[in-house]
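Biologist: I have not seen this structure before. Could you take me through it one question at a time?

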Amino acid sequence: MRRLASPGWIASHIFALAMVVLMVNLGFWQLRRLDERRTDNAEIAAAMSQDPFDIAAHLDRRGLPPEYTAVAATGTYLADAEVRIGNRSSGGQPGFWLATPLQLGDGRAVAVVRGWIPRRSLTGLDDRSTAPPAGDVVVVGLAFDSVGGGRVAKTAEGEVPEISRMDLDRFAEVSGVDVEGVWIRLRAQSPPQPEGLPEPVPDPDPGEGPHLSYAFQWFFFSAGAIVVYGLILRRVVAGREEAPSTELQL
């Protein structure tokens, strides 16, 4: 037992204890992250389920709406200024989102992601029209902030321009339309889309992330460390107890 109280063993005990404390704290940190995520998800669900705000009135009175806020807008689609948002899949199929500026009654414009289109439509394998309804439309959807870091893709002359994400600066650059600093992901529209394309993009599912599983892993690791270190100490003690009898036999 004196050997287990030597400076080297004391250091190993302190190290093992510190590692166990660290892993337990990491487990509780993941549980706190899970609680924060659940709180955020509850706020998102409330924002998505509320009655839609008129986007023009919201911009005038409150500024940009928070993300996931249900909003409504009335205006006319500027079909000649459509933009593709690349690399968006649906049901395992490659495709893109189609975003179109909606000109409001006061002349301002808001980018609306009208839905998803399969990439095969570019080659004529899906010949359904993607043209938006003409004249005034009422759209209902969710508001989102601009996503920075968008890149402009190379497209053939005469093709609809394409960007990598809903970066509203890039959107304005390629569409030629100065849009507000918020975009709408369409949920419903009146009148409806004539031929089924674009397909509506499902509401996002925030999910709870991997925090709970990570917490279990850290707690499992800490318990495992205690068991393993206890077994090591047991073997060391057993070895020290056998050492005197071995010396007597010699």
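**Backbone, core, surface and salt bridges**

Modeller: Let us begin in a loop: N87 sits in the one between β3 and β4 (95-104). Keep in mind that this is a predicted model.

Biologist: Is N87 buried or exposed?

Modeller: A residue counts as exposed when its relative accessible area is over 50%. N87 has 73% relative accessibility, so the class is exposed.

Biologist: What is the phi of N87?

Modeller: Most residues other than glycine have a negative phi. N87 is a residue other than glycine with a positive value, and its phi is near 55°.

Biologist: Which loop holds Y68, and is Y68 buried or exposed?

Modeller: Y68 also has a positive phi, near 75°, and is not glycine. Its loop runs between α2 (55-61) and β2 (70-77). The cut-off for buried is under 20% relative accessible area. Y68 has 18%, so it counts as buried.

Biologist: Which residue does a cis peptide bond join to S190?

Modeller: Most peptide bonds are trans. Here omega is about 0°, and the cis bond joins S190 to P191. The loop between β8 and α4 is the place of P191.

Biologist: What is the relative accessible area of V110?

Modeller: V110 is part of strand β5, which covers residues 109-118. Leaving out residues up to four places away in sequence, V110 touches T100, P101, L102, L104, V179, E180, V182, W183 and I184. V110 is buried, because its relative accessible area is 0%.

Biologist: How many Å separate the C-alpha atoms of V110 and D178?

Modeller: Along the chain, V110 and D178 are 68 residues apart. In space, their C-alpha atoms are separated by 8.5 Å.

Biologist: Which residues gather in a patch of negative charge on the surface?

Modeller: One of them is D35, which lies in helix α1 (residues 7-49). Patch members need over 30% relative accessible area, and D35 is partly exposed at 46%. The residues of the negative patch are D35, E36, D40 and E43.

Biologist: What accessible area do F15, M19 and L22 have together?

Modeller: These three residues form a nonpolar patch on the surface. L22 belongs to helix α1 and counts as partly exposed at 42% relative accessibility. Together, F15, M19 and L22 have an accessible area of about 290 Å².

Biologist: How many salt bridges does the structure hold?

Modeller: One of them pairs R38 with E208. Counting that pair with the others, the structure holds 10 salt bridges.

Biologist: Why does the pair of R38 and E208 tie together parts that lie apart in sequence?

Modeller: The closest N and O atoms of R38 and E208 are 3.1 Å apart. R38 lies in helix α1 and E208 in the loop between β8 (182-190) and α4 (211-249), so the salt bridge ties together parts with a separation in sequence of 170 residues.

Biologist: What relative accessibility does R38 have, and what relative accessible area does E208 have?

Modeller: Partly exposed covers the range between under 20% and over 50%. R38 is partly exposed at 39%. E208 is partly exposed as well, at 36%.

Biologist: How many residues apart are R84 and E159?

Modeller: R84 forms a salt bridge with E159, and their closest N and O atoms are 3.1 Å apart. R84 is in strand β3 (residues 83-85), while E159 is in the loop between β6 (136-145) and β7 (162-163). The pair links distant parts of the chain, 75 residues apart.

Biologist: Is R84 buried or exposed?

Modeller: Its partner E159 is partly exposed, with a relative accessible area of 37%. For R84 the relative accessibility is 4%, so R84 counts as buried.

Biologist: What separates R170 and E173 in helix α3?

Modeller: Their side chains meet in a salt bridge with an N to O distance of 2.8 Å. R170 and E173 are 3 residues apart in helix α3 (residues 168-175), so the separation is about one helical turn.

Biologist: Which class of exposure does R170 have, and which does E173 have?

Modeller: R170 has a relative accessible area of 26%, so it is partly exposed. E173 has 51% relative accessibility, so it counts as exposed.

Biologist: Which residues are joined into one network by salt bridges that share partners?

Modeller: The pair of R84 and E159 has come up already. Salt bridges with shared partners make one network of R84, R119, E159 and E162.

Key:
Residues numbered from 1 in each chain as written. Predicted model: local features only at pLDDT ≥ 70, side-chain atom pairs only at ≥ 80, totals over all residues. Heavy atoms only, no water. Helix = DSSP H or I, 4+ residues; strand = E, 2+ residues; numbered from the N terminus. Buried < 20%, exposed > 50% of the residue type's maximum accessible area, 1.4 Å probe, protein only. Contact = heavy atoms within 4.5 Å. Patch = residues over 30% accessible without salt bridge, like charges linked within 9 Å, V, L, I, M, F, W, Y side chains within 5 Å. Areas by Shrake-Rupley, 256 points an atom, 1.4 Å probe, with all protein chains shown as cover. Salt bridge = Lys/Arg side-chain N within 4 Å of Asp/Glu carboxyl O. Lys, Arg positive; Asp, Glu negative; His and termini not counted. Charge placed at Lys NZ, Arg CZ, Asp CG, Glu CD.
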